[in-house]
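Visitor: Hey, could you walk me through this structure? I'm new to this, so plain words please.

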Amino acid sequence: MHAMLLIALYAFAGAAATGLAGAGVLRLIRRRSLTASLAVVAAVGVVAMLAGTLAVAWAMFLSRHDLSVVTTVVAMAAVVSLATALMMGRWVVARSRELTDAARSFGDGGAFAAPDGPATAELESLSRELAATSARLADSRERERALEASRRELVAWISHDLRTPLAGLRAMAEALEDGVAADPDRYLKQIRAEVERLNDMVGDLFELSRIHAGTLSLSLVRISLYDLVGDALAGADPLAREHGVRLVGERVEPVPVEVDGREMSRVLGNLLVNAIRRTPADGTVAIAAERTDEGVVLSVTDGCGGIPEEDLPRVFDTGWRGTDARTPPAGAGLGLAIVRGIVEAHRGRAAVRNIPGGCRFEVTLPTAR
């Protein structure tokens, strides 16, 4: 028993010394190739066994012949172990380089394609993560391109919409200044109307910038949909009379909701104004509010004749104004984008769909707790 303990002690001492030396070497080459690290690990295992064997042989006073036999066996094992470690290291490194090249492709704007052939579980997991990251980057690039195109359209349209009233204001101001205006009061009323239009446009731009920047602050209060819809109908009634359009409140249930009253009134006002301007005279614009399984649904139905199916996904995009035939001269393409931004800030969603003779805009809000 005592002899076995001595053998174990000598073997452990020799192996431990080799292991410490190997750990030091691994620390020095930690930034080198994986092949070198695997070779060191294999060498440590073999040398540790050789060191333990030599220590035991020295302690037991083995003959020179027996010691040479043991050393030869360990040396052959070392050759095989190092060759295997080098082959495995080169295979793993080659696979890693293939992943690096594939990752570089989607980093440059392309799509990630996983290399063919077998790989370790860790490399397969990394390949799946790279593929998922590539898909997310592709979606992000597509959204960025769409947003940039929307911004360019918005800048073009806003520039046009600003230039037209500004040119008119300048012409009317020059006419008043030169005293050639036949009806100064009419000119002054027109100037006031154009200024109000410009003020509304600037207000919409400011609201939209707050929505995009995520700085829209909401003051949520508990309010009845009945009161909210009633105020919106009262505010839109003069415009409806001017266009000869009937405003109708259908199925307006007194359902409580927690919303920012001012912002939600803006949502309903934008939807009603949009519907009135696109509904022909003697047409009807209906607003409804009811509770569903998904929450509280506010809907505004108009008689615009419908929206082309290819345009439906873009209705709430910034700057979208539809075809020229459906575009009023005062529209800047911001109202529906503001509607979606405010509704999403309330953790709701906005949608639109065609119905016979027109379309229906729906706003779904969470039910008040």
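**Helices and a buried residue**

Guide: Sure. Let's begin with a pair of helices: the axes of H6 (residues 225-243) and H7 (residues 261-278) come within 9 Å and cross at roughly 30°. Keep in mind that this is a predicted model.

Visitor: Okay, so how do H6 and H7 run relative to each other, roughly parallel or roughly antiparallel?

Guide: Roughly parallel, because an angle under 35 degrees counts that way. The crossing of H6 past H7 is right-handed.

Visitor: Which residues make the contact there?

Guide: From H6 you have Leu228, Val229, Ala232, Leu233, Ala236, Leu239, Ala240 and His243. H7 brings Gly261, Met264, Ser265, Leu268, Leu272, Val273, Ile276 and Arg277.

Visitor: And how many of the residues in the contact of H6 with H7 are nonpolar?

Guide: Twelve are nonpolar, with three polar and one charged.

Visitor: What about H7 and H8, at what angle do they pack?

Guide: About 145°, with the axes 9 Å apart; H8 covers residues 335-345. H7 passes H8 in a left-handed crossing. On the H7 side the contact includes Glu263, Arg266 and Val267, and on the H8 side it includes Leu336, Ile338 and Val339. That contact of H7 with H8 has seven nonpolar residues, three polar and two charged.

Visitor: New topic. Where does Ile287 sit?

Guide: Ile287 is in strand S4, which spans residues 284-292.

Visitor: Is Ile287 buried or exposed?

Guide: Buried, because its relative accessibility is 1% and the cut-off for buried is under 20%.

Visitor: Cool. What does Ile287 touch?

Guide: Leaving out residues up to four places away in sequence, its contacts include Val229, Leu233, Val248, Leu268 and Val300. Val229 and Leu233 also belong to the H6 side of the contact between H6 and H7, and Leu268 to the H7 side. Then there's Leu247: Ile287 is 40 residues from Leu247 in sequence, with 7.9 Å between their C-alpha atoms.

Visitor: Can you tell me about H5 too? How many residues does it have?

Guide: H5 has 30 residues, 184-213, and reaches 43 Å from first C-alpha to last, close to the 44 Å expected. Among its buried residues are Ile191, Leu198, Met201 and Ile211. Just after H5 comes Gly214, with a positive phi of about 70°.

Visitor: Last one: how many helices and strands does the protein chain have?

Guide: Eight helices and seven strands. Of the 369 residues in the chain, 34% are buried. And among contacts between residues at least 6 apart in sequence, 70% join residues at least 24 apart.

How values were computed:
Residues are numbered from 1 along each chain as its sequence is written. This is a predicted model: local features need pLDDT of at least 70, side-chain atom pairs count only at pLDDT 80 or more; totals for chains, interfaces and linings use all residues. Side-chain values use heavy atoms; hydrogens and water are left out. Helices (H or I, at least four residues) and strands (E, at least two) are DSSP runs, numbered from the N terminus. The expected span of a helix is 1.5 Å times one less than its number of residues. Buried means under 20% relative accessible area, exposed over 50%, partly exposed in between (1.4 Å probe, protein chains only). Axes are lines fitted to C-alpha atoms, for helices over the stretch in contact, and angles run from 0 to 180 degrees between N-to-C directions. Angles under 35 degrees count as roughly parallel, over 145 as roughly antiparallel, 65 to 115 as roughly perpendicular and the rest as oblique. A crossing is left-handed if the near helix is turned anticlockwise from the far one by less than a right angle, and right-handed if clockwise. Contact means heavy atoms within 4.5 Å. Ala, Val, Leu, Ile, Met, Phe, Trp, Tyr, Cys and Pro count as nonpolar, Asp, Glu, Lys and Arg as charged, and the others, Gly among them, as polar.
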